[in-house]
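Reader: I should like to learn how to read the surroundings of a ligand and the placement of individual residues. May we work through an example together?

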Amino acid sequence: MKKRIFSGAQPTGELHIGNYLGALKNWVALQDEYASFYCIVNLHAITLPQDPKVLRQKTLDLARIYLAAGVDPEKCTIFIQSDVPEHAELTWVLSCLTRMGELERMTQFKDKGKGNERAGVGLFTYPVLMAADILLYQTDLVPIGQDQKQHLELTRDLAERFNRDFGDTFKIPEPFIPPVGAKIMSLQDPAKKMSKSDENLNGSIFLLDDADTITKKIKRAVTDSGTDINFDETRPAIKNLLTIYQLLSGKTADECVAHFAGSGYGDFKGQLAETVVEFLRPFQVRIKEYDDASLDAILKRGAEKARSIASETLQDVYKKTGIK
Ligand code: TYM
């Protein structure tokens, strides 16, 4: 039997090139080798306030993005998290096993909610829902960007704790964090990751940005002092731009450095913009290919398949914990 992958993204904001390079690109690369489950995590989305109409639309838009990025519904299971109620049910059981201190240590919570009396409890317990997502499918591998690593460590700890207390139940998942591209930084501030929630829209290249916008954003991207174009850690802005170029051009790091030897920043940015635009062009055509009916069919089929596996795991958990 093929090993399993589970991963997901939130239908909030616009997906950017960081989401693609850190996660989706690897989902596609791994889909032949693994039985893959790719989820649109709409329950995670409401940990921050959302406009209901927009959320509903963005949930379907994100499914289109998965498909346009190359996730193949003939090979993978694509589904919406809320269509499989077992995710919320297992979350409750796992949250009874999770320690307050563990969640307080989550850096994403520290950034978004710590110290704010009005922060939602969902924001705090968000990583437990993520653990439930992964553990329901007896997942072997979880392709994610660097920012999700700590959540995966918690997932592993919870699985181990449950197995120890109630007997072997969950597979312990491994992260798949790509060696290059796991943390694409903002074009406006190379100390910050590129983020859907960044107010400065010039910091991110969105997958649906048009050619003009992409070119402008790259022209405006901050650079470092000096003139060399290389992967030097002390020049994080250029390193970040060159990393994007490397991953989209398919060249090796050495080839990239050799390619731009002697070039100025202007020339480099021009070529980078062209590479990004050319890369996104077919993606932006493909995204229009899926009408509502075919999308619905894919998601319905995905939810049924996902549910058949998730319910088996949940029944086992309920039996072992004395709920059933
Ligand atoms: P989300 O929606 O914030 O991001 C989706 C994926 O994109 C990666 N990513 C990045 N990679 C490189 N550079 C960046 N600047 C960058 N920004 C984001 C993320 O690491 C992620 O892999 N909690 C998750 C969604 C989730 C999930 C799961 C993932 C829920 N359940 C189970 C895996 C398994 C999240 O909010 O991702």
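Author: A residue is taken to be near a molecule if one of its heavy atoms lies within 4 Å of it. The model shown here is predicted. In this model, 27 residues surround the ligand, and the closest are Tyr 126, Asp 133, Asp 147, Ile 184 and Lys 196.

Reader: What is the make-up of the shell around the ligand by class?

Author: The classes are nonpolar, polar and charged, with glycine placed among the polar residues. The shell holds 12 nonpolar, 11 polar and four charged residues.

Reader: Which helices and strands each supply at least two residues of that shell?

Author: Strand 1 (4-9), helix 1 (17-30) and helix 7 (121-135) each do so.

Reader: How does one read a polar contact with the ligand, and which side chains are involved?

Author: One looks for a pair of N or O atoms within 3.5 Å. Three side chains may serve as examples. In Asp 133, a polar side-chain atom lies 2.6 Å from a nitrogen atom of the ligand. For Gln 10, an N or O atom of the side chain is 2.8 Å from a ligand oxygen atom. Asn 19 likewise has a polar side-chain atom, 3.1 Å from an oxygen atom of the ligand.

Reader: How much of the accessible area of the ligand does the protein cover?

Author: On its own the ligand has 710 Å² of accessible area, and the protein covers 96% of this. The space that the ligand takes is also the largest pocket.

Reader: Let us turn to single residues. Is Gly 18 buried or exposed?

Author: The cut-off for a buried residue is under 20% relative accessible area. Gly 18 counts as buried because its relative accessibility is 13%. This residue is found in helix 1, an element that supplies at least two residues of the ligand shell.

Reader: How should separation in sequence be set against separation in space?

Author: One reads the two values side by side, taking the spatial one from C-alpha to C-alpha. Gly 18 and Ser 195 are 177 residues apart in sequence and 7.8 Å apart in space. For Leu 136 and Leu 242, the values are 106 residues and 38 Å. Val 142 and Asp 209 are 67 residues apart in sequence, with 28 Å between their C-alpha atoms.

Reader: Where do Leu 136 and Val 142 lie, and how accessible are they?

Author: Leu 136 belongs to the loop between helix 7 and strand 4, and at 0% relative accessibility it counts as buried. Val 142 lies in strand 4, residues 141-143. Val 142 is buried as well, with a relative accessible area of 2%.

Reader: What is the phi value of Gln 138 near?

Author: Phi of Gln 138 is near 50 degrees, a positive value in a residue other than glycine. Gln 138 lies in the loop between helix 7 and strand 4. With a relative accessible area of 21%, Gln 138 is partly exposed, the class between under 20% and over 50%.

Reader: Finally, where is Val 317 placed?

Author: Val 317 is in helix 13, residues 292-321. Val 317 counts as buried because its relative accessibility is 0%. Its C-alpha atom is separated by 53 Å from that of Gln 271, with the two residues 46 apart along the chain.

Methods
Residues are numbered from 1 along each chain as its sequence is written. This is a predicted model: local features need pLDDT of at least 70, side-chain atom pairs count only at pLDDT 80 or more; totals for chains, interfaces and linings use all residues. Side-chain values use heavy atoms; hydrogens and water are left out. A polar contact is a pair of N or O atoms within 3.5 Å; within protein, one must be able to donate a hydrogen and the other to accept it, and residues adjacent in sequence count only if both atoms are side-chain atoms. Accessible areas come from the Shrake-Rupley method with a 1.4 Å probe; for residues, only the protein chains shown count as cover. On a 1 Å grid over the protein atoms alone, a cavity is a set of points where a 1.4 Å probe fits but cannot get out, and a pocket is an open set with protein on both sides within 12 Å along at least five of seven lines; lining residues have an atom within 4 Å of a point. A molecule sits in a cavity or pocket if more than half of its atoms lie within 2 Å of its grid points. Helices (H or I, at least four residues) and strands (E, at least two) are DSSP runs, numbered from the N terminus. Buried means under 20% relative accessible area, exposed over 50%, partly exposed in between (1.4 Å probe, protein chains only).
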